[in-house]
Amino acid sequence: MGSVSHMGFNLSNLRQEDTIMRAGDARIQLLGGVNAEVAEILTPEALAFVADLAREFEPRRRSLMQARAERQAQLDAGNLPDFLPDTTSIRSGKWRVAPSPKDLQNRRVEITGPSSNRRMVINALNSGAQVYMTDFEDAHSPGWSKTVEGQVNVRDAAAGTISYQSPEGRQYRLEGKTATLVVRPRGLHLLERHLLVDGQPIAASFFDFGLTFFHNARTLLERGSGPYFYLPKLQGHEEARLWKEVFSFAEKRLGIPQGSVRATVLIEHILAAFEMEEILYELRDNITALNLGRWDYIFSFIKTFSAHPEFVLPDRSQVSMTTHFLRSVAELLVQTCHRRGAHALGGMSTYIPRRDDPASNEKALAQVRADKEREAAQGFDGAWVAHPGLVPVVQEVFDRVLPGDNQLSRIPEVRVTGKDLLNVPKGDITEAGLRNNVSVALQYIDAWIQREGAVAIFGLMEDTATAEIARSQIWQWAHHNAHLADGQRVSKEMYLGLRMEEVAKLIKGRTSATIGALDKAVELLDDLVDNKTFTEFLTIPGYRYLD
């Protein structure tokens, strides 16, 4: 361990020692800075392993990304999704996924947070939740220093040695019983530009997964756990098949027993909702659960049908889990998972408990309880929280409902059709909703550019997914000439007026450095809103603002 590990990280001294890693292969180029602590992660052997993943699977990844683009063109032309006719035999077959390992049998409360914040990692592991998903994706700002810092934190968490001393001298250490560690790598669509393999940036998924697996798989198995991963942003079963092959390749290359990798797939894209059975089938030797990622799912609905004005959604506050299309995917997910022996995990509670306003706090907690009581009644085996203060609230709800570790034996009798999944919720578009979208998008992108991936905004813990909803609704409403409840047409001019007003609020008390970040946030949001075609992910053009 480096001498600064107990203090957290000061990566201002990152330096670029060698641009060519000479691990017997001069075609691996490391363009990001390295200090002594990071060098323990970015070893020649680890980078060679990551490069092997890239060389083996990059052609397939690119092909799948091209298939995404082609499918989107079909959707834009009006070819709406439905359940796949070619995989009927899978949906009607009598198969089940492999049983979950012992430390993933009880998943009633899962807490999430950014991998790069060492104090938050420790607090999450100590939170009392059964599972902690540490994140390189939506709750992570993927600048180089934050990304490699996250890898060191994961290594120390996997080993059970992670500690931190705050600038005020407060010590943070792991307690006796901690949450099961699960790592979420970045999605298949993103690149890590700081590592080139044969002259090309490596896929961020392969970078995050490869380093995590290389350094921690054996350690975790020796400690009675295993290399567990959350897979984000999948759009279909062929992408799940790619991950299955990545897992098998990694296990064989390092001599890890086959099937040691266990995955949870986030159903956070409308197209994936039509292929849940097939995703489970492709990963049947590795998968333990599906999780309904509600915020990304809403964003995907807007994005996927961005060319169609009939798919315009009302204010985000009105798109609740009780709306027909979200209730339908929730019911279908539980039924699908339990038929196949997999856990079904519910959505995120983003509320941040408050001590300064007990009345408002209790009102918000009542809403959280109602949301989780609905999920438990639908058959979910657990749900996500973003703050340790919500762990006992959600725990109590599932404790009352679950007969044991889970309710896998309960298979709801529901029938969900493609029309149910595509049912557009009705409601109003309001100036307050538009203004909230502008403010949330600006505040989040501003913080993201300043290397913060999970941000408290208006009492909620927001991440990339909610920022994506905010900016996508602005685009959707402006480009399809939607009207507010009072009859005003949403236009780019209306957006610009509200944006100027919100910037004026945010600029107060700023330093020159943070004003610069806000300027970049304004530039990015304006570009996203102004583009004639919908930008798939804000993180792709936004990456240019990170180190």
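Here are some short exercises with worked solutions on a predicted model.

**Exercise 1. Work out where Asp135 sits and what surrounds it.**

Start with the secondary structure: Asp135 belongs to strand S3, which covers residues 131-135. Next, check exposure. The relative accessible area of Asp135 is 1%, and the cut-off for buried is under 20%, so Asp135 counts as buried. Then look for a polar partner: the Asp135 side chain gets to the backbone nitrogen of Ala139 at 2.8 Å. Finally, skip the neighbours within four places in sequence, and you're left with contacts to Gly113, Pro114, Ser115, His140 and Arg184.

**Exercise 2. Classify the ring pair Phe209 and Trp243, then place it in the chain.**

The model has 22 aromatic pairs. For Phe209 and Trp243, the centres are 5.9 Å apart and the planes make 75 degrees. Angles over 60 count as edge-to-face, so that's the label for this pair. Now for the location: Phe209 is in helix H6 (residues 204-222) and Trp243 is in helix H7 (residues 237-254), so the pair ties together parts 34 residues apart in sequence. Both Phe209 and Trp243 are buried. To widen the view, note that these two rings share one aromatic cluster with Phe49, Phe213, Phe214, Phe229 and Phe247.

**Exercise 3. Do the same for Trp475 and Phe534.**

Geometry comes first: with ring centres 5.3 Å apart and planes at 85 degrees, the pair is edge-to-face. As for position, Trp475 is in helix H16 (residues 464-479), while Phe534 is in the loop between helix H18 (512-530) and helix H19 (539-542). That makes it a link between distant parts of the chain, 59 residues apart. Trp475 and Phe534 are both buried.

**Exercise 4. Find the edge strands of the sheet with order S1-S7-S8, and say what packs on it.**

Read the order: this is an open sheet of 3 strands with antiparallel pairing. Strand S1 (28-30) and strand S8 (200-203) each have a single partner strand, so they stand at the edges with one side lacking a neighbour in the sheet. The average twist from one strand to the next is 55 degrees.

Zoom in on S7 (residues 191-197): 4 bridges join S7 to S8, and Leu191 has Ala203 in S8 as its bridge partner.

Last, add the helices. H2 (residues 44-76) lies across S1, S7 and S8, at about 110 degrees to S7. H6 packs on the sheet too, touching S7 and S8, with its direction at about 60 degrees to that of S8.

Conventions:
Residues are numbered from 1 along each chain as its sequence is written. This is a predicted model: local features need pLDDT of at least 70, side-chain atom pairs count only at pLDDT 80 or more; totals for chains, interfaces and linings use all residues. Side-chain values use heavy atoms; hydrogens and water are left out. Helices (H or I, at least four residues) and strands (E, at least two) are DSSP runs, numbered from the N terminus. Buried means under 20% relative accessible area, exposed over 50%, partly exposed in between (1.4 Å probe, protein chains only). A polar contact is a pair of N or O atoms within 3.5 Å; within protein, one must be able to donate a hydrogen and the other to accept it, and residues adjacent in sequence count only if both atoms are side-chain atoms. Contact means heavy atoms within 4.5 Å. Rings of Phe, Tyr and Trp (its six-membered ring) pair if their centres lie within 6.5 Å; planes under 30 degrees apart count as stacked, over 60 as edge-to-face and the rest as tilted. Two strands pair if DSSP finds at least two bridges between them. Axes are lines fitted to C-alpha atoms, for helices over the stretch in contact, and angles run from 0 to 180 degrees between N-to-C directions.
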